[in-house]
Amino acid sequence: MSTTRWGLIGASTIAREHMIGAIREAGGEIAAVMSTNPERGRAFAAGNGIPRATTSLDDLLGADIDAVYISTTNELHLPQTLAAARAGKHVLAEKPLAMTVADAQTMVEACRAAGVVMATNHHLRNAGAHRAMRQAIADGLIGRPLAARVFHAVYLPEHLQGWRLHDPNAGGGVTVDIAVHDCDTLRFVLADDPVEVAAMVQASGMASGGLEDMVMTTVRFASGLLAQTHDAFTVRYAGTGFEVHGTEGSLIARDVMTQRPIGSVLLRTRDGERALPFEHESLYARAVRAFHAAIRGEGQPSATGLDGVKSLAFGLAALEAARTGRTVKIG
């Protein structure tokens, strides 16, 4: 079995902190990195043991690579994905996939037409905690799910307080940065799809340029289940969590909306409480292993391109709901 060779499009923090290690842990090799800033690209390559840096997307795509990981700012995902598809490279793209749902759908269709795998880097569905919750619901341990609650308010580290807070043209704002993860995790755990959303946003002073740094939503799913979400860049000490409440019990998870394989899941029913066991493996390495398998024709990525389209549709509908004061259908 040949080793999957990767090119990184974007010398990003998430690539450095999470994806380089995950690719290598999953048996992949990183051949090159592209950055439009030559000094940043060279330093990134040298600091992470990557043999080659380039400032040219065409140069990267012409190299001996099988797949690309795209972690540039959001407005660049569409043209970079289309170029990768034309070059016959498999694509793992950061969320949100694009600036509009139509553009995200175009990305998915281009990869399908080119015969390459496309995935969205929705890491949270790879968490052992969320897989345990999904299985508990599928096994009927809480009866019929009625309501869910996600609290995912965090503090954006200073070194990331750039375009996410100040550049609407790059796709900034907490809703498309964090709330889309809530949508994807809810979809995965519940095996259900959101159909409409109401929302309010806040700009507390951290964000500018018309962007929001906090959002709260109320969401109706196809089954009738209601969910609440709370996302922020401004909260230092809240902790994260995910709850699902059903007719026969509740799942109460803490410290699970995170990039690290930590947290706990408690099942509470008429018989009392018990902790659910789960694997504490790297979320990103698990995603890359599934992506490698999909390239070999063995199943699907953890989160497909279509999953990314659906989470983006949720995020944009939430922003429209906040802007208009209306409940908005999720297309």
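What follows is a chat about the strands, helices and backbone details of a predicted model.

Me: Hi! Which domains does UniProt place on this chain?
Reply: Hello! Keep in mind that the model is predicted. The UniProt record, an unreviewed entry, places "domain: Gfo/Idh/MocA-like oxidoreductase N-terminal" at residues 5-122. From the same kind of record, also an unreviewed entry, comes "domain: GFO/IDH/MocA-like oxidoreductase" at residues 130-251.

Me: How much helix and strand is there in residues 5-122?
Reply: That span is 44% helix and 20% strand, and its end C-alpha atoms lie 21 Å apart.

Me: And over residues 130-251?
Reply: There the chain is 25% helix and 34% strand, with the end C-alpha atoms 10 Å apart.

Me: Let's do sheets. What is the strand order in the sheet of six strands?
Reply: The order is β3-β2-β1-β4-β5-β6, in an open sheet with parallel pairing.

Me: Which strands stand at the edges there?
Reply: β3 (53-54) and β6 (118-120) do. Each has a single partner strand, so one side of each has no neighbour in the sheet.

Me: How many bridges hold β2 and β3 together?
Reply: Two bridges, with β2 (residues 29-34) and β3 paired in the parallel sense. If you want a spot to look at, M34 stands opposite T54 in β3.

Me: Which helix packs on that sheet?
Reply: Helix α9 (residues 283-295) does, touching β1 (5-9), β4 (67-70), β5 and β6. The direction of α9 makes about 155° with that of β5.

Me: Switching to helices: at what angle do α4 and α5 pack?
Reply: Helix α4 (residues 77-86) packs on α5 at about 5°, and their axes are 9 Å apart. That angle makes α4 roughly parallel to α5.

Me: Which residues make the contact?
Reply: From α4 you have H77, L78, T81, L82 and A85, and α5 brings D103, T106, M107, A110, C111 and A114. By class, the contact of α4 with α5 has seven nonpolar, three polar and one charged residues.

Me: Where is the cis peptide bond?
Reply: Between K95 and P96, with omega near -15°. You'll find P96 in the loop between β5 (90-93) and α5 (101-114).

Me: Why would I bother pointing that out?
Reply: Because most peptide bonds are trans.

Me: Fair enough. What about A191's phi, positive or negative?
Reply: Positive, at about 50°, although A191 is not a glycine. A191 sits in the loop between α8 and β8.

Me: Good, that takes me to α8. Which strands does α8 lie across?
Reply: Helix α8 (residues 174-190) lies across β7 (145-153), β8 (194-202), β9 (214-221), β10 (226-232) and β11 (241-246). Relative to β10, α8 runs at about 145°.

Me: How are those strands arranged in their sheet?
Reply: They belong to an open sheet of nine strands in the order β14-β13-β12-β11-β7-β10-β9-β8-β15, and the pairing is mixed. The edge strands are β14 (272-275) and β15 (328-329), each pairing on one side only.

Me: How many bridges join β8 to β9?
Reply: Eight, and the two strands run antiparallel. One pair to click on is E196 with its bridge partner R220 in β9.

Me: And from β9 on to β10?
Reply: Seven bridges, again antiparallel. R220 comes back here, as its bridge partner in β10 is L226. The hairpin of β9 and β10 has four residues between the strands, and G224 in that hairpin takes a positive phi near 100°.

Me: What about β12 and β13?
Reply: Six bridges join β12 (residues 249-254) to β13 (residues 264-269), and the strands run antiparallel. G249 has T269 as its bridge partner in β13.

Me: Last one: how do α8 and α10 pack?
Reply: α8 and α10 (residues 305-324) pack at about 125°, with their axes 8 Å apart. That angle makes α8 oblique to α10, and the crossing of the two is right-handed.

Me: Which residues meet there?
Reply: Among them are T175, V176, A179 and V180 in α8, and F314, G315, L316 and A318 in α10. By class, the contact of α8 with α10 has nine nonpolar, three polar and four charged residues.

Technical notes: Residues are numbered from 1 along each chain as its sequence is written. This is a predicted model: local features need pLDDT of at least 70, side-chain atom pairs count only at pLDDT 80 or more; totals for chains, interfaces and linings use all residues. Side-chain values use heavy atoms; hydrogens and water are left out. Two strands pair if DSSP finds at least two bridges between them. Contact means heavy atoms within 4.5 Å. Axes are lines fitted to C-alpha atoms, for helices over the stretch in contact, and angles run from 0 to 180 degrees between N-to-C directions. Angles under 35 degrees count as roughly parallel, over 145 as roughly antiparallel, 65 to 115 as roughly perpendicular and the rest as oblique. A crossing is left-handed if the near helix is turned anticlockwise from the far one by less than a right angle, and right-handed if clockwise. Ala, Val, Leu, Ile, Met, Phe, Trp, Tyr, Cys and Pro count as nonpolar, Asp, Glu, Lys and Arg as charged, and the others, Gly among them, as polar. UniProt positions are given in the numbering used here, feature names are shortened, and annotations may be inferred rather than shown by experiment.
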